[in-house]
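Me: I am new to this structure and would like a close look at a single part. Could you walk me through the place around the ligand?

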Amino acid sequence: MIQLVNLEKTYPSKSGAVTALKGVNLTVEDGDIYGIIGLSGAGKSTLVRCINLLEKPTSGNVIIDGEDLTKVKRARLLEIRRNIGMIFQQFNLLDQRTVEDNVRFPLEIAKVKREEQDERIASLLKIVKLEDKAKAYPSQLSGGQKQRVAIARALATSPKYLLCDEATSALDPQTTESILDLLKEINKTLGVTVIIITHEMKVIEKICTKVAVIDHSNIVENGRVSEVFADPKSDIAKQLIIPDLIRYTAHKTGDRQLRLVFNGELTDRPLISALAKDLGVAVNILYADTKNYDGRPYGHMVITVAGGQAEFDKVVKYLDQNGINYKEQL
Ligand SMILES: Nc1ncnc2c1ncn2[C@@H]1O[C@H](COP(=O)(O)OP(=O)(O)O)[C@@H](O)[C@H]1O
Ligand SMILES: [Mg+2]
C-alpha cells in the first residue's frame, strides 16, 4: 500500500517559490490501477516522482508498506526503489544498447547472476511480446515497441508497484490501447499495483479502477472510477469527464432540464420509457452518456419534461421514489 500524507512540494525559482503540490493525501491499495488525471502543470509528474523520491517532498510523508521513505537512509531507499518500476512518455531507453541489454540494465545494477539475467530477460520479453526483438536497437523500433521494452525493463526486478507518467501520451490511439491492455494484463497476472498519470480521460476509462483528479497542486476529488465518473463534483472533473455535457448545456433550450446520474445502484432497466408510461408525461432525452460496468448503468442523462410545473413535479417525485439521483440543470 502507498500512502501519501500531507505531501507538499515547492520548487525554488528566480521569480519566487513555485508550489507543485500542497496538502496531497492519497492511498493506493495493493492491486489498484490508480489513475491520476489533471491538466498540464497541475502537479502530476511531481506527485509521481515523489512516490519513489526521485523528487524529495518539501514536507509530508511517503509511506510504502508501512515504511516512510522520507525517513530512510540512502542505501535503503535504493533497495525500496527496486520494488517500484517506472515508465515515461519518452521511453528513456539506452540507444546504444540492444533491447535485451536495456532490460538487462537494472539486473546488472542489482548484481543478478548472468544466467539468471538471461532467463529473466527471456521471460520479460515474452510478457511484453517482443521475443523476436531481443537483438534490435531502440532506433529500429516503433513507439509502442519502445514502450514495451521500457515496461520489460521496469519489471525486471519484479517490482510490486509500477509508476507510469504519461506512458501513452506519445502514442497513437491504437498503440495506446495495446499498451493499456498490457498494463492491465500485468496488473492481473503479476499482481503489480499500477499508478497511471495522464491528461486523457480515455486512459482512465479504459483501465483504471480508481481515479484522483488533481488541479492546481491539489487532489480535488478521488474514488472509484465508476463513482467519480457518474457524479463529478469539482469544476475541473466535470470539464474532464463530461465536456460534451458542459458544452451542450451552455446553450439553453429554455425548458427546465434534469441531469440524471446513474452510479450503479440500479439494475439496467428502461427507466425513461417506464417513467413516460407510468406517468403519461412526455420526456425528451437531450443528452445521454451512460455506460455499463458489471451490468449496471453509470453515467449521465439530461432530460426535459414537456408540460408545466405539475408534470415536472410528477417526474421529480417519480425519480425520488425510484431512488434515482438527479440535479436540476440551471
Ligand atoms: N524542476 C522544477 N523546477 C521548478 N518548477 C518546476 C519543476 N518541475 C515542475 N515545476 C513546476 O511545478 C508545477 C507542476 O509541474 P508538473 O508536476 O510537471 O505538472 P504536470 O506533470 O501535471 O504537468 C508547474 O508549475 C511546473 O512549472
Ligand atoms: Mg507531467
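Reply: Here is a walk around ligand 1 and the residues beside it. First, some ground rules: this is a predicted model, where local features need pLDDT of at least 70 and side-chain atom pairs count only at pLDDT 80 or more, while totals for chains, interfaces and linings use all residues. Residues are numbered from 1 along each chain as its sequence is written, chains are lettered from A and ligands numbered from 1 in the order in which they are written, and side-chain values use heavy atoms, with hydrogens and water left out.

Ligand 1 is surrounded by Tyr11, Val18, Ala20, Leu39, Ser40, Gly41, Ala42, Gly43, Lys44, Ser45 and Thr46 (a residue is near if one of its heavy atoms lies within 4 Å). By class, this shell has five nonpolar, five polar and one charged residues; Ala, Val, Leu, Ile, Met, Phe, Trp, Tyr, Cys and Pro count as nonpolar, Asp, Glu, Lys and Arg as charged, and the others, Gly among them, as polar.

Now for the polar contacts, which are pairs of N or O atoms within 3.5 Å. A polar side-chain atom of threonine 46 is 2.5 Å from an oxygen atom of ligand 1. For lysine 44, a side-chain N or O atom lies 2.8 Å from a ligand oxygen, and a polar backbone atom of alanine 42 lies 3.2 Å from one.

Taken on its own, ligand 1 has 570 Å² of accessible area, and the protein covers 60% of that (Shrake-Rupley method, 1.4 Å probe). Strand S2 (18-28) and helix H1 (44-51) are the elements that give two or more residues to the shell, and H1 gives the most, with three. Both are DSSP runs, numbered from the N terminus: helices (H or I) have at least four residues and strands (E) at least two.

Notes: Polar contact = N/O pair within 3.5 Å; in protein donor to acceptor, adjacent residues only side chain to side chain.
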